[in-house]
Amino acid sequence: MNNKLEDTPRIERLISLAERLVTVLEADIAALKAGKPGDMKSMDPENQKLSVIYGREAQNFDIRIAKSAPPSLRQRFMMITTKFREVLQLHARMLTRVKNA
């Protein structure tokens with residue numbers, strides 16, 4: 001069985017979705033820091049849909065696809081994945097802070 005999978009379009013789609021979600025989360029963080037939770041972008045139905053699509057794509061993603069990707073694409077994927085996790089954690093902390101204020 002071949003463990004090497006190639007699916008450049010799928011990796012690029014995940015990168016694009018993650019980049020868009022990072023932008024949304026960063027806008028939320030800015031709104032929360034400004035004391036304007038009503039300005040949060042993540043509550044927008046389109047962004048909710050984007051989040052669901054990303055979740056579905058990520059859940060069904062086989063890491064072997066990333067491992068077999070060209071090095072530059074693999075690096076972009078790893079960078080946005082790391083950034084997404086960091087921004088998501090900060091977003092969660094900001095939400096908790098606002099809820100507990």
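The points below set out what can be read from this predicted model, going from the whole chain to single residues.

1. Confidence. The model is predicted, and the chain has an average pLDDT of 92, with 96% of the residues scoring at least 70. Confidence is highest in helix 1, at a mean of 96, and lowest in helix 3 (residues 63–67), where the mean is 91.

2. Overall fold. The chain holds four helices and zero strands, and its pattern along the sequence reads α-α-α-α. Taken along the principal axes, the box filled by the C-alpha atoms is roughly 55 × 25 × 20 Å. Of contacts between residues at least 6 apart in sequence, 79% join residues that are at least 24 apart.

3. Surface and charge. Of the 101 residues in the chain, 33% are buried. The accessible surface amounts to about 6900 Å², and carbon and sulfur atoms account for 53% of that surface. The chain carries 18 positive and 12 negative charges, and the mean positions of these two sets lie 4 Å apart.

4. Helix 1. This helix covers residues 8–33, and because its 26 residues should span 38 Å at 1.5 Å a residue, the 37 Å between its end C-alpha atoms agrees with expectation. Just after helix 1, Gly-35 adopts a positive phi of about 75°.

5. Leu-17 in helix 1. Leu-17 belongs to helix 1 and counts as buried, because its relative accessibility of 6% is under the 20% cut-off. Not counting residues up to four places away in sequence, Leu-17 touches Leu-50, Ile-53, Tyr-54 and Glu-57. Helix 2 is given as residues 45–59. Along helix 1, Leu-17 and Ala-31 are separated by 14 residues in sequence and by 21 Å in space, C-alpha to C-alpha.

6. Ala-27 in helix 1. Ala-27 is also found in helix 1, but it is partly exposed, since its relative accessible area is 26%. The C-alpha atoms of Ala-27 and Ser-42 are 8.5 Å apart, with the two residues 15 apart in sequence.

7. The loop between helix 1 and helix 2. Met-40 lies in this loop and nevertheless counts as buried, because its relative accessibility is 13%. Leaving aside neighbours within four places in sequence, the contacts of Met-40 are Asp-28, Ala-31, Leu-32, His-91 and Leu-95. Met-79, by contrast, is 39 residues from Met-40 in sequence and 25 Å from it in space, C-alpha to C-alpha.

8. Helix 4. The 30 residues of helix 4 reach 43 Å from first C-alpha to last, which is close to the 44 Å expected at 1.5 Å a residue. Its buried residues are Leu-73, Phe-77, Ile-80, Thr-81, Phe-84, Val-87, His-91 and Met-94. An α-helix has 3.6 residues a turn, so residues three or four places apart point the same way. The cover over the buried residues of helix 4 includes helix 1, helix 2 and helix 3.

9. His-91. Is His-91 buried or exposed? This residue of helix 4 (residues 71–100) is buried, because its relative accessible area is 8%. Apart from neighbours within four places in sequence, His-91 is in contact with Leu-25, Asp-28, Ile-29, Met-40 and Ser-42. Asp-28 and His-91 also appear together among the contacts of Met-40.

10. Leu-88. Leu-88 is likewise found in helix 4, yet it is partly exposed, since its relative accessible area is 40%. Leu-88 and Val-22 are 66 residues apart in sequence, while their C-alpha atoms are 7.8 Å apart in space.

How values were computed: Residues are numbered from 1 along each chain as its sequence is written. This is a predicted model: local features need pLDDT of at least 70, side-chain atom pairs count only at pLDDT 80 or more; totals for chains, interfaces and linings use all residues. Side-chain values use heavy atoms; hydrogens and water are left out. Helices (H or I, at least four residues) and strands (E, at least two) are DSSP runs, numbered from the N terminus. Buried means under 20% relative accessible area, exposed over 50%, partly exposed in between (1.4 Å probe, protein chains only). Contact means heavy atoms within 4.5 Å. Accessible areas come from the Shrake-Rupley method with a 1.4 Å probe; for residues, only the protein chains shown count as cover. Lys and Arg count as positive and Asp and Glu as negative; His and the chain ends are not counted. The place of a charge is taken as NZ of Lys, CZ of Arg, CG of Asp or CD of Glu. The expected span of a helix is 1.5 Å times one less than its number of residues. pLDDT is the predictor's confidence in each residue, from 0 to 100.
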